[in-house]
Amino acid sequence: MRINPETVERIKLAADIVEVVGDFVSLKKKGANYSACCPFHNEKTPSFNVNPVRQIYKCFGCGAAGDSIKFVMDVDNVGYGEALRYLANKYNIEIEEEEMTDEEALRQNERESLYIILNFAKNFYQHQLQHSDEGQAVGLSYFRERGFSNEIRQKFELGYSLDTWDAFSKEALAKGYSTEILEKAGLLIPREGSSGGGYDRFRGRVIFPIHHVGGKVIAFGARILKSESGQKANQPKYLNSPETAVYHKSDVLYGIFQAKNAIRQLDHCYLVEGYTDVISLHQAGIENVVASSGTSLTIEQIRLIGRFTPNVTILYDGDIAGIKAALRGLDLVLEEGLNVNIVLFPDGEDPDSYVRKVGAEAFKTYLKKASKDFITFKTEVLLQDAGNDPFRLAAVIGEVVSSIVKIPDAIKRQVFFHRTSEMMNVDEQMLISEGNKLVRKQQTQKKPDRGSAQQHAAPEGPADLGSFSDGFTFTEEDIFEPEPAQTYEPPQKSKLYYQEEAFTRLLVLFGTKELEPTITVCQYVLGEIEGIDFKDAVFQHLLTLFRENLNRNYVPPTDYFLNHHESEIRNLTISWLTSKYELSELWSEKYEIYVPFEADVLDKTAFINILRLKKAFIEEKMKVCLNQALHAKSEDEQNSVMSEFMFYKGISMAAAKELGSVIG
């Protein structure tokens, strides 16, 4: 089915770029626009810009750009139709669809099909929980025993899968879904040695749908409730969906969709291990919580949290052996620049059991009192384990220092070196020296991949991590070796290219503006460059488009190019509309310095652009003349060419003088 044009237009009008992007990253107000770290590439300094007036986004780091629909397509890796359906669902717009041709149906993205069948499965499991006798007797009873209210069950869309071989797959096949798509979604397990058919993956289990950050169901977690003799007794307690085209467990955090707004508002995230931990804490009013779902914390999960806050507290149960193993992997969190705290619960307790035992308010109080920063917590745990053994104490120093040097922020590193020296009763400078050794060792290990000249070059001096006591300071370069220089260099663009771009930009952004009654910017500037064509194909294409439309007494507005069917033109327009910098309000408010906007001085801007374009155009002709003079076959030919060169030079000097008087 294809969404009809009227519905598409309603979706476009309803979708707000700030709301749509805000579902996936934490946006910060920056002047008239919003900024964030880009969701399309890894970065620690925000270069992603959202313009609410134009309803567009632009990343100055990776170049990603577009509108709300393009953003959903890129962030979810789905087609145009599925992006529209997502936005329609977000804004409660009823979708009216038309029949697709066979060719259009074949082009339907497999990911879109997976999202559709997974949503169907979620609805089926919810229905079974609420309306089947088995679902109510087994699944609903289990959730009620855990204290989950009807509201919290709806919030997390909990369900139940009947304890039969094919209850779900039989229903899905009857609705027209294929066996192939059921298998690809991880819902159906094919029978061995059979040419077709299979059985439901989740049978006799309560269902925990796993959502991605935008709210789509991408997988399921399922818990078995009955323990009977035979095969079922050997089945795992928890069963998750396998990896699919839409589900990669290392990228996903359970509960991120339900928690993201609270994480953003409170600027803090609690990280737990299991599904029921998340749900129980939500029920207790602690909504800024997500789970790693039993997997070791991955770099992708850390970066997902980092989209919404740099502050994370990890909640552990009292299993010290498990904690020691987990501590080794938490340096990843430090490397990503997050501020990590740890809370340890009493023996035998986890977040789910403890909040049900003491209640919401006492639980919140405990979190505040028991929270320790990661370095302090790690130091205490390792010191307790080492006792008075000097060799093990020395190993503890190495372990803790190896974590501190992973912290990107120099000031934080200084704080932790100072605090750790006090906790371990060792000299701070000694800790810093150990850190220097680790850094140099890491640098040495990296160098063999470089050129021989670099490998044998003597270092300028040891990296100094600094301290409070000795007055030394340290920087990012002291700890982290600079990235090797890139061998790739982008192609050099001529002065003419930049002048053509500036001229075309003026037309696209301000072509409809009037310089004086009945005279638009487009009419004025095109009248001044008759006979000039552009070298760049895209700029020439736009110039031709303006000239053709002006002959029909029409000037295309900016929105025409913003929604142009050619992606190159759309992206250029977005780039021109998006400014990397914002003018500080202090200039006018505090210092009373008023900087005019470009739209306020269009007459001067247009005049300067015309002169610069003509000057660059003339200089290109001068280059041609010089080249011809070098290859002239006779003195007369050379004199003729040089005479032409001097003519162009005179025009260029006149334009330069005029530009100098305007600028000065």
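This report walks through a helix crossing, two cavities, two residues with positive phi and two buried residues in a predicted model.

**Where two helices cross**

Let's start with α24, which spans residues 495-510, and α28, which covers residues 567-577. Their axes sit 10 Å apart and meet at an angle of about 85 degrees. Angles of 65 to 115 degrees count as roughly perpendicular, so that is the label for α24 and α28. On the α24 side, the contact uses Glu501, Thr504, Arg505, Val508 and Leu509, while α28 brings Thr573, Trp576 and Leu577. Sorted by class, the residues of this contact come out as four nonpolar, two polar and two charged.

Helix α24 is also home to glutamine 499. Is glutamine 499 buried or exposed? Its relative accessible area is 16%, and the cut-off for buried is under 20%, so glutamine 499 counts as buried. Setting aside neighbours within four places in sequence, glutamine 499 is in contact with Arg612, Leu613 and Ala616.

**Inside the cavities**

How many cavities of 30 Å³ or more does the structure hold? There are two. Here is how they line up:

| Cavity | Volume | Lining by class |
|---|---|---|
| Largest | about 70 Å³ | six nonpolar, five polar, one charged |
| Second largest | about 30 Å³ | two nonpolar, three polar, one charged |

The lining of the largest cavity includes the tyrosines Tyr247, Tyr254 and Tyr275. Also among its lining residues are Ser292, Ser293 and Thr295, along with Asn240 and Gln301. Lys249 is another, and Ile210, Val252 and Leu253 line the largest cavity too.

As for the second largest cavity, the residues around it are Gln126, Leu129, Gln130, Arg153, Gln154 and Leu158. Two elements give two or more residues to this lining, namely α6 (110-131) and α8 (150-155). Which of the elements supplies the largest share of the lining? That would be α6, with three residues.

**A buried valine in a loop**

Valine 246 lies in the loop between β13 (238-240) and α11. Despite the loop setting, valine 246 is buried, at a relative accessible area of 9%. Beyond residues up to four places away in sequence, valine 246 touches Arg111, Leu114, Tyr115, Leu118 and Ile218. Alanine 219 is worth a look here as well: its C-alpha is 8.2 Å from that of valine 246, and the two are 27 residues apart in sequence.

**Two residues with positive phi**

Most residues other than glycine have a negative phi, so a couple of residues deserve a glance on that score. Aspartate 267 isn't a glycine, yet its phi is positive, at about 55 degrees. You'll find aspartate 267 in the loop that joins α11 (256-266) to β14 (269-272). Its relative accessibility is 31%, and values between 20% and 50% count as partly exposed, which is why aspartate 267 gets that label.

Asparagine 553 is another non-glycine residue with a positive phi, near 60 degrees in this case. Where does asparagine 553 sit? It is in the loop between α26 (537-551) and α27 (558-562). With a relative accessible area of 75%, asparagine 553 is exposed, because the cut-off for exposed is over 50%.

Notes:
Residues numbered from 1 in each chain as written. Predicted model: local features only at pLDDT ≥ 70, side-chain atom pairs only at ≥ 80, totals over all residues. Heavy atoms only, no water. Helix = DSSP H or I, 4+ residues; strand = E, 2+ residues; numbered from the N terminus. Buried < 20%, exposed > 50% of the residue type's maximum accessible area, 1.4 Å probe, protein only. Axes fitted to C-alpha atoms, helices over the stretch in contact; angles between N-to-C directions. Parallel < 35°, antiparallel > 145°, perpendicular 65-115°, else oblique. Contact = heavy atoms within 4.5 Å. Nonpolar A, V, L, I, M, F, W, Y, C, P; charged D, E, K, R; others polar. 1 Å grid on protein atoms, 1.4 Å probe; cavity = no way out; pocket = protein on both sides within 12 Å on 5 of 7 lines; lining within 4 Å. Points joined across faces, edges and corners; volume = space filled by probe spheres on them.
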